Amino acid sequence: MSISRNTVVRFHYSLSEVGGERIEDSRDEEPVTYLHGHGNILPALEQQLEGKTVGDSILATLSAADAYGERDENAIARVPLKHLVYRGKLEPGALAAVRTEPGMRQVR
């Protein structure tokens, strides 16, 4: 069965910066699960997964515009540590989550 609209998809990923620095990896966690064709993941990534089958591997390179946008220095905010959700030791640049009124948001 290939990935198409209304297919439930599960996959592991490794996210790296251009140049190779790994930012995050799902191998030690549950795979990402989403319903294909309903805007539940980045559209550019969803497009690259279209038609793939079980066991396929892809290398997807997304531009900032196709991912979460260019870094915006005006969008930086200080958040008290007590509001962050994270595992292990929190270090500068690490991913965490913060509870917001609309729900959890990933932060760095």
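A nonpolar core, as I use the term today, is a set of buried Ala, Val, Leu, Ile, Met, Phe, Trp, Tyr and Cys residues joined through side-chain atoms within 4.5 Å. What you have in front of you is a predicted model. Which residues make up its largest nonpolar core? There are eight of them: Ile3, Val9, Phe11, Tyr34, Ile41, Leu42, Leu45 and Leu49. At least two of these residues come from strand 1, and at least two come from helix 1, which spans 43-49.

Before going into that core, a word on the chain as a whole. The protein chain contains one helix and seven strands. Read from the N terminus, the order of elements is β-β-β-β-α-β-β-β. Along the principal axes, the C-alpha atoms fill a box of roughly 45 × 25 × 25 Å. Of the 108 residues, 18% are buried. If we take the contacts with a separation of 6 or more, 31% of them are between residues 24 or more positions apart. The accessible surface is about 8,900 Å², and carbon and sulfur atoms account for 49% of that. On charge, the chain has 13 positive and 16 negative charges, and the mean positions of the two sets lie 6 Å apart.

Now strand 1, which runs over 8-11. In general, the side chains of a regular strand alternate between the two faces of the sheet. Strand 1 shows this alternation: Val9 and Phe11 point to one face and are buried, whereas Val8 and Arg10 point to the other face and are not buried. Both Val9 and Phe11 are on the list for the core. Val9 touches Ile3, Val32, Thr33, Tyr34 and His36, once residues up to four places away in sequence are set aside. Two of those partners, Ile3 and Tyr34, are core residues as well.

Which way does strand 1 pair with strand 4? The pairing is antiparallel, with four bridges, and strand 4 covers residues 32-35. One place to look is Val8, which stands opposite Leu35 in strand 4.

Just ahead of strand 1 there are two residues to look at. Asn6 sits in the segment before that strand. Its phi is near 70°, a positive value in a residue that is not glycine. For context, most residues other than glycine have a negative phi.

Thr7 is in the segment before strand 1 too. Is Thr7 buried or exposed? Thr7 counts as buried because its relative accessibility is 10%, and the cut-off for buried is under 20%. Apart from neighbours within four places in sequence, Thr7 is in contact with Ser2, Tyr34, Leu35 and His36. For a sense of distance, the C-alpha of Thr7 is separated by 25 Å from that of Met104, 97 residues apart from it along the chain.

That takes us to the other end of the sequence. Strands 5, 6 and 7 form an open sheet in the order 5-6-7, with antiparallel pairing. Which strands are at the edges? They are strand 5, at 84-85, and strand 7, at 103-107, each of which pairs on one side only.

Taking the pairs in turn, strand 5 is joined by two bridges to strand 6, residues 96-100. Within that pair, Val85 stands opposite Ala97. Strand 6 is joined to strand 7 by five bridges, again antiparallel. These two strands form a hairpin, with two residues between them. Thr100 in this hairpin stands opposite Gly103 in strand 7.

I will finish on Ala97, which has its place in strand 6. Ala97 is buried because its relative accessible area is 15%, and that is under the 20% cut-off. How does its list of contacts read? Setting aside neighbours within four places in sequence, Ala97 is in contact with His83, Leu84, Val85, Met104, Arg105, Gln106 and Val107. Val85 and Leu84 belong to strand 5, at 84-85, while Met104, Arg105, Gln106 and Val107 fall in strand 7, at 103-107. Finally, the C-alpha atoms of Ala97 and Tyr13 are 19 Å apart, for two residues separated by 84 positions along the chain.

Notes:
Residues numbered from 1 in each chain as written. Predicted model: local features only at pLDDT ≥ 70, side-chain atom pairs only at ≥ 80, totals over all residues. Heavy atoms only, no water. Buried < 20%, exposed > 50% of the residue type's maximum accessible area, 1.4 Å probe, protein only. Contact = heavy atoms within 4.5 Å. Pairing = 2+ DSSP bridges. Areas by Shrake-Rupley, 256 points an atom, 1.4 Å probe, with all protein chains shown as cover. Lys, Arg positive; Asp, Glu negative; His and termini not counted. Charge placed at Lys NZ, Arg CZ, Asp CG, Glu CD.
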